[in-house]
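Grab your favourite viewer and work through these exercises at your own pace. Each task comes with a solution that goes step by step.

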Amino acid sequence: MKKSLTSLWLVATMVCFSLNVFAFSADDHQAWLDANQQAQPQFVDGDVITFDKADLVRPFIPAEQQEEVLFEGMEMVIKDAGDMSPAPSYQEATTKYAGTASIDPDGALMNYATGRPFDPEKFEVGSEEDGWKWVWNWTHRWQYTGLKIADVHWVWVRKGGSHDDHAVMSEGGGKYADFYRGQGTFERVLAGPYQRVIMAHRADIPESEGFAMNSGQGFAKNTHFREYTGFTSPFDIAGTAFLILRYDDARKADDSWAYIPSLRRVRRISVEVKSDSLLGTDHTLEDFYGFNGRPLEHKWEYRGTAKILAVARSRYPETIYYGPNGWAPYDDHALRLMDVVKMYPGVGTGRNHPYSNKFIYTDRQSGEAYYANAFDQAGELWKVWQIQKSWTEDDQYRDKANRKVFKGDETPMGTRVQNFQSINVVDKQNGRGTLVPCRGNSYPDVTIKQVRRSHDVNYLTEGR
């Protein structure tokens, strides 16, 4: 065991050297993943990992992520996240409909009702079919009614320097200041609300109603979800908004629109735009959550499992950042079993995509994503994502007294969702990151009437 762990450290050291010269490739990442299979934790629940002990956790942090979270002054608390299984209605549906879903030759999901479509215990490494099964498990993971965020920040952070004098640190009487600890130069901060509403295959909706919201007027008919992303500041983009309508038919392209205030008009968004930089950030519309695109626009390969340390059950209501670049999460880290998939963007569609391939890591129990990385068309590492979660059943999430400023809507007890607390991306080639902390989160009960007021294309021109 000691020998295998030592070998893993050697692999990690070689990989980190490669990162310094931008020669890190998908094969290098696969080598790290292969080594992870033999790693055994040398830490226990409650341990506090500081930089002098960083080698204990290297085998459980993807190699290209290590530079961002392991540094002088770090403090990583090991804390078991416990049971994070979905709500009983979802688990019961998974059991009831087990074995009924199937994959068509083009990768489309067929004969699916609700619950988790496929059993990941049966997936095989290197299987393209199981890659498709993974992406449909991801698409239909338990999200209850969908995520609503009152206050999203999109923070552009350049390596080094300080952000102490940035306007966001004093905004609202300093209500954001304690979240942005450490260093890093803030170049720009965007802000606005977000909401996704899941309309189909909802295990919380009775079978007699088809597991789907129904407006009686077709607003939700044949719709998987509607998703709104808005911006209220800074002034030059205030009022900009995006609306995505994802159809239940996997072969039907999204209807997507953007409202651009300077043009005073709503414009349709093409598939290619969704993989472009979102308003100059390091994210794209397709990157949100870890992957937010249409499965059939890509190819998928299942790459096995990994044991990874991640912020799975945050001790805080909102993400706190620290470190020399200000983009590391200061929080508890849990060792989680994850499924790993390799995505080949645009393959078979004739679409020009900026990524050549991308790895995504998802929790075996909840289905939520924690890590991802993407490689450019030359095959070199480009971006890495880290995603933080909190748990909807924890007192610190539900207690409005603890959520002093960013309260959000009411989330019903028993929701049992790993709340999307933040998603942060680092562009390894230009030394810049984009932090996306999500404050005032909730998974509220919603009605068709409410959704029609907020997620209709005609509403984009009205702002928030």
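A salt bridge here is a side-chain nitrogen of Lys or Arg within 4 Å of a carboxyl oxygen of Asp or Glu. The model is predicted, so local features need pLDDT of at least 70 and side-chain atom pairs count only at pLDDT 80 or more, while totals for chains, interfaces and linings use all residues. Residues are numbered from 1 along each chain as its sequence is written, and side-chain values use heavy atoms, with hydrogens and water left out.

**Exercise 1. Find the network of salt bridges, then describe a single pair that joins two strands.**

Step 1. Glu-67, Glu-68, Lys-159 and Lys-428 are linked in a network of salt bridges. The structure holds 31 salt bridges.

Step 2. For a single pair, take Glu-187 and Arg-158, whose closest N and O atoms are 3.0 Å apart. Glu-187 sits in strand β6 (residues 185-198) and Arg-158 in strand β5 (residues 148-158), so this pair ties together parts that are 29 residues apart in sequence. Strands (E, at least two residues) and helices (H or I, at least four) are DSSP runs, numbered from the N terminus.

Step 3. Now check accessibility: buried means under 20% relative accessible area, exposed over 50%, and partly exposed in between (1.4 Å probe, protein chains only). Glu-187, at 38%, is partly exposed, and Arg-158, at 28%, is partly exposed too.

**Exercise 2. Work out whether the partners Lys-389 and Glu-368 are buried or exposed.**

Step 1. Lys-389 forms a salt bridge with Glu-368, with 3.0 Å between the closest N and O atoms. The pair links distant parts of the chain, 21 residues apart: Lys-389 is in strand β17 (residues 381-391), and Glu-368 is in the loop between β15 (357-363) and β16 (369-375).

Step 2. Lys-389 has a relative accessibility of 0% and counts as buried. Glu-368 is buried as well, at 4%.

Step 3. Try Arg-294 and Glu-297 in the same way; their side chains meet in a salt bridge of 2.9 Å, N to O. Arg-294 is buried at 7%, and Glu-297 is also buried at 7%.

**Exercise 3. Which side chain of opposite charge is nearest to Lys-342?**

Step 1. Locate Lys-342 in strand β14 (residues 332-345).

Step 2. Assign charges: Lys and Arg count as positive and Asp and Glu as negative, while His and the chain ends are not counted. The nearest side chain of opposite charge is Glu-301, 5.3 Å away, and Lys-342 is buried yet has no salt bridge.

Step 3. List the contacts (heavy atoms within 4.5 Å). Leaving aside neighbours within four places in sequence, Lys-342 touches residues including Ala-26, Trp-300, Glu-301 and Phe-359.

**Exercise 4. Describe the surroundings of Asp-287.**

Step 1. Asp-287 lies in the loop between β10 (265-268) and β11 (298-310), and is buried with a relative accessible area of 1%.

Step 2. Beyond four places in sequence, its contacts are Asp-282, Tyr-355, Lys-358, Lys-383, Trp-385 and Ile-423.

Step 3. The C-alpha atoms of Asp-287 and Glu-297 are separated by 14 Å, with their positions 10 residues apart along the chain.

**Exercise 5. Sum up the whole chain.**

Step 1. Count the secondary structure: eight helices and 19 strands.

Step 2. Of the 464 residues, 60% count as buried. Among contacts between residues at least 6 apart in sequence, 69% join residues at least 24 apart.

Step 3. Along its principal axes, the C-alpha trace spans about 65 × 55 × 45 Å.
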